[in-house]
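This report describes selected strands, loops and one helix of a protein chain for a reader who has not met it before. The sequence and structure come first, and the description follows.

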Amino acid sequence: MSATFATLLFIAGDPSGDMHAAPIIHKLRKDCPKVRFTGVGGPAMEAAGFVPLLPFAPFNKMGFIEVVRHLPFFLGAQKKLVAFIKQEKPSALICIDYPGFNIPMAQKAHACGIPVIWYIAPQVWAWKAKRADVLANISNFIGVVFPFEVPFFSKGSAQCEFVGHPLIEALNHQQAPSLPQNARDPHVSGEWNIALVPGSRHQEIEANIDAMIQAALLFKHAYPKATITISSYAGLPSEVISSHIVDPGITITSKPLCELLAQSDMALVTSGTATLETALCHVPLVVVYKTSALTFAIMKRLIKIRMIGLPNIVAGKRIVPEAIQADANPKTLCQYLLNIAQDATYRQEILKELSVLGEKLGSLSPSLVLAEKIRTIAKL
């Protein structure tokens, strides 16, 4: 197929997927400058040359209740994208995570004879294991980001490979400022820098941020020299975070998370990809997760794993504390922070475990692997 007429349809429905898809598009644009990149994606993808078919913000929902509440939007979006597939016949559909929406879209594309490439597979090892067989039979290629995921997709016709983790690639390209070694010892000075990372979706922020702030302020009572900085996703309206600020000493930053972490001694992080990024930046953290009672009750029945924090899952053991649902309260979160601050040996144990975590994820650059797979499968 001539690259002059080729269209690649990407679907990345949340900020994490947007960031992970952007370097793939950037690489493909260099190799195939006449290819059109379109679909669902955010500002990072647009900066790389992507042109969206639908607005990005409405896709960024999570939890059973939120999805059901916005079901007309999702059904309408699916209808528009299916119509686009049938009319434009893109050279491939590239699904970036986002399984609730992307699996039905992949099924539609497969039925239309469109090749399907999947990057960042659903966490079938945690729940909804049947998705693995479905995905393996409708995809041409599945790029997984954890080595232990490959066997889960072995029963279908799709080629499945570990392609590396995008955080490893991103951190290798980011030159985050770092403090000089031994320049300060917070155990001695009490000048603890605390990062709060409440997430990128409005509802997860609403569910977790107040407990995080109150916990950090409780910690500050014990260590008055402590600083508190909240990470805000750059595409988020400022009032989503600022409306929760109850102390003028709290700072909000929208700079890259790795830059904030380079200046942080510990962190409270909402469960998700940011917990792994924090761990790979060697910052002791507490994994925090709270959602609606209904969503939690459903998830508790479905999830098959004992731990939800990605650093613990990758390590295969609990190396950082997790505060889930009822435990995600200010008193408990503060106590976890105090444990890190008051026990230098414990903090060093955490740092030692975090230092070897990256080795488990290898050194592959997934954007390069995926770009080559897309070119081959889409015949660009």
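How many bridges join β5 to strand β6 (residues 141-144)? Three bridges join the two strands, which run parallel. The model is predicted, so to speak of local features a pLDDT of at least 70 is needed and side-chain atom pairs count only at pLDDT 80 or more, while totals for chains, interfaces and linings use all residues. Residues are numbered from 1 along each chain as its sequence is written, and side-chain values use heavy atoms, with hydrogens and water left out.

**The parallel strands**

Helices (H or I, at least four residues) and strands (E, at least two) are DSSP runs, numbered from the N terminus. Two strands pair if DSSP finds at least two bridges between them. Strand β1 (residues 7-11) is joined to β4 by four bridges, and these strands run parallel. The bridge partner of F10 in β4 is I94. Strand β4 (residues 92-96) is in turn linked to β5 by four bridges, again in parallel. Here I94 stands opposite I117 of β5, and I96 stands opposite Y119 of β5. On the β6 side, Y119 has G143 as its bridge partner.

In a regular strand the side chains alternate between the two faces of the sheet. In β4, A92, I94 and I96 point one way and L93 and C95 the other, and all are buried (under 20% relative accessible area; exposed means over 50% and partly exposed in between, with a 1.4 Å probe and protein chains only). Because five of the five residues of β4 are buried, this strand is largely enclosed by the rest of the structure. Strand β5 (residues 116-119) is likewise covered on both faces, with V116 and W118 buried on one side and I117 and Y119 buried on the other.

The chain passes from β4 through helix α5 (residues 99-111) to β5 in a right-handed β-α-β crossover. Right-handed means that, with the strands pointing away from the viewer, the path from the first strand over the helix to the second runs clockwise. A right-handed β-α-β unit is also made by β5, helix α6 (residues 130-138) and β6.

**Loop residues**

Most residues other than glycine have a negative phi, and most peptide bonds are trans. Two loop residues with positive phi are listed below.

| Residue | Loop | Phi | Relative accessibility |
|---|---|---|---|
| D97 | between β4 and α5 | near 55° | 23%, partly exposed |
| I120 | between β5 and α6 | about 70° | 11%, buried |

A126 also lies in the loop between β5 and α6, and A126 is buried, with a relative accessible area of 5%. The C-alpha atoms of A126 and A267 are 25 Å apart, with these positions 141 residues apart along the chain.

**Helix α16**

Helix α16 (residues 344-355) has 12 residues, which at 1.5 Å a residue should span 16 Å, and its end C-alpha atoms are 16 Å apart, in agreement; the expected span is 1.5 Å times one less than the number of residues. Within α16, R347, I350, L351 and L354 are buried. They cover an arc of only 100° around the axis, which places them on the same side of α16; the arc is that of the directions from the helix axis to the C-beta atoms. T345 and K352, on the other side of α16, are exposed. The buried residues of α16 pack against α8 (186-189), α12 (273-280) and α15 (330-342), where contact means heavy atoms within 4.5 Å.
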